[in-house]
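Got your viewer open? Load the model, give it a spin, and follow along one selection at a time.

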Amino acid sequence: MATVPSDSLFDDLLRSAEFNLARLREIAKQAADGGDDVERLRQRAFAHYYARNDELAAELLNTLCALAPSADAFATLAQAHFRAGRLDAAADAAQRAVSLDVKAAMGYQILASVALAQGRAGDARASAERAAALDPSDVRNTTLVALAQRALGEDGGHDALTSWRALIGLPKGEGWTGQR
């Protein structure tokens, strides 16, 4: 029997979805207004990322990272690689993000996700705890900590994981990214 998700968890996910939609609108408006070449490239790359066109987003983000490296661009590139199943490329980009900014929570989030996918639960837990410490309001970070705890056979991860599964309606047997 699944635990009913808390209102705050649902509200967090709803805010995240609203943020993505608002960010897409903002990027589209900025792109229409023009700007310099690097800024237009950044806008196109992030627009494709938020639209989940990961192949084109990764291509544009690679170019952006070469022209104007930033922790945000590398972390987003890492996420695009991870969503496309390119774990080594995701880990490399995430490592670059945290080397540029040690407070890049998304970089640690991707490092934790990659480590979990590769069966390295101890590394996953360390990265997930760092991400959660940097951004405790992001439910993905606390979920990654719970997943790592569960992979290590520790108690404490079950309630958070059950709530997450119930909230997103994820059937048993699917990964938290929605991929089988």
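Here is a tour that starts with the whole chain and then visits a few helices and single residues.

**Stop 1: the whole chain**

Before you click anything, keep in mind that this is a predicted model. Switch to a cartoon view and look at the secondary structure. What do the elements look like, from the N terminus on? They run α-α-α-α-α-α-α-α-α, so to speak: nine helices and zero strands. The protein has 180 residues, and 39% of them are buried. Now think about contacts between residues at least 6 apart in sequence: 49% of these join residues at least 24 apart.

**Stop 2: the loop with Arg52**

Select Arg52. You'll find this residue in the loop between α2 (37-50) and α3 (54-67). Is Arg52 buried or exposed? Arg52 is exposed, because its relative accessible area is 57% and the cut-off for exposed is over 50%. Check the backbone here too: phi of Arg52 is positive, near 65°, and this residue is not a glycine.

**Stop 3: helix α3**

Step along to α3. This helix has 14 residues, which at 1.5 Å a residue should span 20 Å. Try the distance tool on the end C-alpha atoms: they are 19 Å apart, which agrees. Next, colour the buried residues of α3, which are Asp54, Ala57, Ala58, Leu60, Leu61, Leu64 and Cys65. What do they pack against? Their partners are α2 and α4.

**Stop 4: Thr76 in α4**

Speaking of α4, select Thr76, which sits in that helix. Thr76 counts as buried because its relative accessibility is 2%, and the cut-off for buried is under 20%. Show the side chains around this residue. Leaving aside residues up to four places away in sequence, Thr76 touches Phe46, Tyr49, Leu61 and Met106. You have already met Leu61, as one of the buried residues of α3.

**Stop 5: α4 against α5**

Now show α4 (71-83) and α5 (87-100) together. Their axes come within 8 Å and cross at roughly 165°. Angles over 145 degrees count as roughly antiparallel, and α4 and α5 are therefore roughly antiparallel to each other. The crossing of α4 past α5 is left-handed. To see the contact, select Ala71, Phe74, Ala75, Leu77, Ala78, His81 and Phe82 on the α4 side. On the α5 side, pick Leu87, Ala89, Ala90, Ala93, Ala94, Arg96, Ala97 and Leu100. How do the residues of this contact divide by class? There are 13 nonpolar, one polar and one charged.

**Stop 6: Asp88**

Stay in α5 and click Asp88, which lies in this helix. Asp88 counts as exposed, with 55% relative accessibility. Then draw a line from its C-alpha to that of Gln118: the two residues are 30 apart in sequence and 9.8 Å apart in space.

**Stop 7: helix α6**

Select residues 105-117, which form helix α6. These 13 residues should span 18 Å at 1.5 Å a residue, and the end C-alpha atoms are indeed 18 Å apart. How many of the residues of α6 are buried? The count is 10 of the 13, so this helix is largely enclosed by the rest of the structure. The buried ones are Ala105, Gly107, Tyr108, Gln109, Ile110, Leu111, Ala112, Ser113, Val114 and Ala115. Turn on the neighbours and you'll see what they pack against: α4, α5, α7 (121-134) and α8 (139-151). Following α6 comes Gly119, with a positive phi near 80°.

**Stop 8: α6 against α7**

Keep α6 on screen and add α7. The two pack at an angle of about 155°, with their axes 8 Å apart. They are therefore roughly antiparallel to each other, and α6 passes α7 in a left-handed crossing. From α6, the contact has Ala105, Tyr108, Gln109, Leu111, Ala112, Ala115 and Leu116. They meet Asp123, Ala124, Ser127, Ala128, Arg130, Ala131 and Leu134 in α7. By class, that contact has 10 nonpolar, two polar and two charged residues.

**Last stop: Ala146**

Finish in helix α8 by selecting Ala146. Is Ala146 buried or exposed? With a relative accessible area of 1%, this alanine is buried. For a final distance, go C-alpha to C-alpha from Ala146 to Ala128: they are 18 residues apart in sequence and 8.9 Å apart in space.

Note on methods
Residues are numbered from 1 along each chain as its sequence is written. This is a predicted model: local features need pLDDT of at least 70, side-chain atom pairs count only at pLDDT 80 or more; totals for chains, interfaces and linings use all residues. Side-chain values use heavy atoms; hydrogens and water are left out. Helices (H or I, at least four residues) and strands (E, at least two) are DSSP runs, numbered from the N terminus. Buried means under 20% relative accessible area, exposed over 50%, partly exposed in between (1.4 Å probe, protein chains only). The expected span of a helix is 1.5 Å times one less than its number of residues. Contact means heavy atoms within 4.5 Å. Axes are lines fitted to C-alpha atoms, for helices over the stretch in contact, and angles run from 0 to 180 degrees between N-to-C directions. Angles under 35 degrees count as roughly parallel, over 145 as roughly antiparallel, 65 to 115 as roughly perpendicular and the rest as oblique. A crossing is left-handed if the near helix is turned anticlockwise from the far one by less than a right angle, and right-handed if clockwise. Ala, Val, Leu, Ile, Met, Phe, Trp, Tyr, Cys and Pro count as nonpolar, Asp, Glu, Lys and Arg as charged, and the others, Gly among them, as polar.
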